[in-house]
Structures are given as structure tokens and as C-alpha cells.
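Q: Please give me a close look at one strand of this model. I want its partners, its surroundings and how it fits into the whole sheet.

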Amino acid sequence: MHTPVRPGSRSPGPEPAVPDGARDLVVVGGGIVGLAVAWRAACAGMTVTVLDPAPGDGATHAAAGMLAPVTEADFGEEDALRLHLAAAAVWPAFAASLHAAAGADVGLRAAGTLTLAYDPDDLALLRRVLTLHAAHGLASRELTVADARRREPYLGPRVAGAAWAPDDHAVDPRAVHAALLGGLLGPLGGGAGAGSQPGTLIGSDNGSDVRAVVVRVSATRLALGPAGHVVGVHDDAGRLHAAGAVVVAAGWASGALLADVPGVVVPTRPVKGQTLRLDAGPELALEHVVRGVVQGRPVYVVPRTPVLDGPRAGHREVVVGATTEENPDDRRATAGGVFALLRDARALLPGIDEAALVDVTPRARPATPDNLPLVGPTAVPGLHLATGHGRNGILLAPLTADAVMAGLTGAALPPDVAAALAPTRTDRFAEPAASSTTTPR
């Protein structure tokens with residue numbers, strides 16, 4: 001039998017009693033953030049249960065997978081920039097570790113990002129952004145249109161200007177999620193392998209004989225002990241999943257799940273986006289992420305690694321996106337949204353006209369009022385957050401997992417990483433509105 005690793009807590013005083021038969025950790029949410037936390041915890045020796053009725057079917061399923069701290073930089077968002085730069089630095093080692101554990105390619109493409117301006121007004125905006133990059137010492141520079149065409153020969157005839165960000169890359173979120181499931185439920189967990197269907201408990205009836213399980217149920221509320229500490233999570237089947245600690249990584253639904261927990265304020269909301277997936281043949285052999293501004297409207301085109309053999313040799317998936325709507329997660333695509341994405345993408349890359357449109361994916365991202373996530377321990381002993389990542393959940397997933405693990409185990413993060421994570425502290429929305437004091441993480 002595995003000897004539990006007792007998760008830590010931010011609150012002082014003796015460690016709360018852990019229920020008999022409990023897992024070390026329950027993670028609510030099986031998207032890329034929740035699974036990254038669960039995988040790190042299982043690697044550290046913890047027993048882990050993940051609760052999600054459809055793992056990976058939320059924002060992870062729609063995401064294009066850009067790792068873009070430079071091209072996502074915006075005016076007045078210095079905290080987000082520092083956080084995103086720290087997150088990007090973690091990705092290469094995370095991808096290598098996951099590949100070694102799961103034996104699966106996660107589609108990491110370190111090819112850089114090309115940003116295009118469609119008309120003179122768009123070029124003026126691009127140059128303002130490049131000035132912002134220079135002020136922060138970021139690696140980006142303006143290119144001539146001729147230089148841009150040499151990097152990406154498929155550009156359309158009407159491009160006013162371009163810029164190059166060599167360190168902004170991309171991964172395939174669906175491949176990362178599949179690898180995390182494989183790493184979590186494979187030999188590490190002692191249960192089902194990567195090809196198994198998650199959902200049924202593996203091993204004994206309460207899952208205590210294996211390291212990690214994924215259960216396809218919805219969490220409905222936390223279970224608190226007499227002293228106010230977390231002792232588990234109730235699901236919609238009426239079952240209590242007892243645990244020494246709980247990590248809530250339920251995306252935009254996190255706030256509703258925690259609405260009745262005293263002292264915890266999680267104002268997550270859904271912000272809907274739509275992405276398109278194209279099947280492009282060898283005649284559109286894109287090699288770089290292409291981002292653009294077309295008459296003030298942002299758009300991105302993200303190519304995957306091409307198929308190497310078989311009947312689809314030379315074909316690759318191409319993801320098109322950038323819509324943002326303050327709307328609920330109704331999973332319904334809009335005709336106008338699909339039209340706008342195709343219109344603006346083909347203005348920059350006319351060759352996409354010949355690609356097959358194979359998938360339209362509307363999903364809601366989890367947003368917060370200040371556009372920063374909530375990461376780490378809360379005022380409730382045993383309760384940790386990993387939610388509210390907005391547009392950058394894929395980029396932030398490995399760093400979030402490291403931060404949550406530090407909170408669970410009491411380990412110290414490197415000072416620069418801790419400083420980058422400080423604005424994500426979980427108590428910031430529970431403070432009085434008039435207070436401007438920053439509490440150390």
C-alpha cells in the first residue's frame with residue numbers, strides 16, 4: 001500500500017486530520033491544467049483522483065496551443081507578461097518529461113511566430129507593439145515584407161508589414177492532454193494505460209490500490225471538516241471522494257463550485273471563443289505560427305507537424321482562431337464568427353481556400369476580472385486553486401502545476417518564479433476593495 005504524502009497548507013497550526021481511506025489529492029477538472037497538476041502530484045508519490053465528466057472537452061479541446069509570451073504582450077499588463085515569460089521557460093523541460101513518461105509526441109514546434117499587418121493602420125499598431133516589446137527587452141523585430149515572404153512563402157499579395165518573434169512557439173493541446181492521460185494512468189498509476197477509457201475506478205472499490213484514477217463525474221460541492229478544512233469532494237452521483245487536499249481546476253465553473261465556501265472568492269466567468277481546424281495538403285506547407293491584424297481584427301493561424309507517411313503524407317492540421325465573446329459556454333458556433341475567421345485568415349494566407357474545414361470548436365475560456373489566474377493555496381486549509389487562466393491556459397499549465405505542487409508540499413519556488421506568480425495569489429478578490437496592499441505569496 002502506498003504511504004500517503006501529506007499535502008501542506010498555507011494556514012498555520014497543526015495539519016488537519018485526513019479521513020481514513022482518503023486519497024492524498026482530488027483534482028476537480030481534467031483539462032490540461034488539472035491533468036498537469038495531477039501528473040506532477042502522482043510523480044511526487046501522491047495518490048490522486050481526477051473528477052471530470054468529460055476530461056479535456058472544455059477550453060483544452062478548442063485551444064490552438066500558442067506559447068506566446070511576446071506576441072500576447074499588451075499595454076498595461078506587465079504582471080501578465082512576467083508570468084507568461086516564466087511559464088514559457090518551463091515548457092521545454094515539461095514537454096521532454098511528458099514525452100519520456102508517456103512515449104507520446106506533444107507537438108511542440110519551436111519555429112517562432114510571424115506577425116503580419118494587413119494595411120497601413122494595422123502596421124502602425126504593430127509598430128506600437130514592437131515599441132512595447134523593446135521597452136521590456138523582448139525578442140522581436142520588424143521585418144520587411146520581402147523578409148516575411150522568405151520565411152513564409154504562402155503570404156497573400158496584400159501585406160503592409162511584418163514582425164518576427166523567434167521565441168514564441170506552439171504545442172498541440174489535444175496531444176498534450178492525451179499524453180498527460182497516458183502518463184497519469186499508465187505505468188505510473190499502476191492502472192489503465194494511455195489507450196484505456198478513463199472513467200471507471202481502477203483497482204479496489206475506492207481506488208486506494210493505485211496511484212491515479214480519473215472518474216467521469218461532476219463535482220457538486222466541497223466537503224469540509226468540523227474545523228473548516230477540506231476533507232473531500234461530493235460528486236453528482238452522491239459519492240464523497242475523501243482527500244487530504246483538493247485542487248479546483250474546473251475552468252470557468254470554478255467560481256460556482258466554491259460559491260458557498262467561506263473566505264474564498266473566485267470570480268471566474270466564461271468568455272467564449274471559436275477555433276477552426278483545417279486539413280491542409282502539401283500545397284500549404286506552413287512552417288510558422290502566423291498571427292495578424294486585419295483592419296484592426298486579430299487572427300492567428302497555427303500549423304501542426306505534418307503527417308510523414310501513409311495516404312495523408314504531407315498533410316497537416318491548421319488551427320485558425322481569435323474570436324472572443326462575453327457569452328456563456330453554449331457550445332454553439334456562430335455563422336458570423338466562422339465567416340470572420342476565414343475572411344481574415346485568407347486575407348493573409350489565401351492558400352487556406354484549398355484546405356478542408358474539418359472541425360469548428362466553440363468553447364469558453366475561464367476569465368477573471370484582472371485577466372490573471374488564481375493559483376495556489378487558499379485561506380481554507382487543504383484547498384488549492386488552479387483556475388482563471390483565460391487565453392493562456394496551455395502556456396501556463398506546467399508553471400501552474402509547479403506552483404500548486406509547491407503549495408501542497410511546502411517546497412520553495414525559485415525567487416524569480418515566485419515573484420512572477422505573486423499576482424496570482426488566491427486571496428486578492430477577497431480583500432476589501434479599498435485596499436491596495438499586496439500580500440506576499
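A: Two strands count as paired if DSSP finds at least two bridges between them. With that rule in hand, take strand β13. Keep in mind that the model is predicted.

β13 covers residues 289-294. How many of its residues are buried? The count is 6 of 6, and the strand is mostly covered. Buried here means under 20% relative accessible area. Both faces of β13 are covered. V289, R291 and V293 are buried on one side. V290, G292 and V294 are buried on the other.

Now the partners. Strands of a sheet pair through backbone hydrogen bonds, either parallel or antiparallel. β13 takes part in both kinds of pairing: parallel with β4 and antiparallel with β14. Strand β4, residues 113-117, is joined to β13 by 5 bridges. Strand β14, residues 297-303, is also joined to β13 over 5 bridges. V290 shows the two pairings at one residue. Its bridge partner in β4 is L114, and in β14 it stands opposite V301.

β13 and β14 form a hairpin with 2 residues between the strands. In that hairpin, Q295 takes a positive phi near 50°.

Step out one strand further. β14 runs antiparallel to β15, residues 316-321, with 4 bridges between them. V302 is paired there with V319 of β15.

The whole sheet is open and has 8 strands. Its order is β5-β6-β4-β13-β14-β15-β12-β16, and the pairing is mixed. β5 (141-143) and β16 (356-367) are the edge strands, each pairing on one side only. From one strand to the next, the twist averages 25°.

Helices pack on this sheet too. Helix α4, residues 120-135, touches β4, β5, β6 and β13. The direction of α4 makes about 30° with that of β6. Helix α8, residues 335-348, lies across β4, β12, β13, β14, β15 and β16. It runs at about 75° to β14. So β13 meets both helices: α4 touches it, and α8 lies across it.

There is also a cavity to place. The model has 2 cavities of 30 Å³ or more. The second largest has a volume of about 30 Å³. V289 of β13 helps to line it, as does P303. The other lining residues are R109, A111, G112, H169, A170, E287 and H288. By class, the lining has 4 nonpolar, 3 polar and 2 charged residues.

Last, look toward the β16 edge of the sheet. H389 sits in the loop between β18 (383-387) and α9 (393-409). Its relative accessibility is 6%, so H389 counts as buried. H389 touches P366 and P373, along with V33, V375, L396 and T400. P366 falls within β16. P373 also brings in A80, a residue of helix α3 (78-102). C-alpha to C-alpha, A80 and P373 are 9.4 Å apart in space, yet 293 residues apart in sequence. A80 has a relative accessible area of 6%, so it is buried as well.

Note on methods. Residues numbered from 1 in each chain as written. Predicted model: local features only at pLDDT ≥ 70, side-chain atom pairs only at ≥ 80, totals over all residues. Heavy atoms only, no water. 1 Å grid on protein atoms, 1.4 Å probe; cavity = no way out; pocket = protein on both sides within 12 Å on 5 of 7 lines; lining within 4 Å. Points joined across faces, edges and corners; volume = space filled by probe spheres on them. Nonpolar A, V, L, I, M, F, W, Y, C, P; charged D, E, K, R; others polar. Buried < 20%, exposed > 50% of the residue type's maximum accessible area, 1.4 Å probe, protein only. Axes fitted to C-alpha atoms, helices over the stretch in contact; angles between N-to-C directions. Contact = heavy atoms within 4.5 Å. Lists of a residue's contacts leave out its neighbours within four places in sequence.
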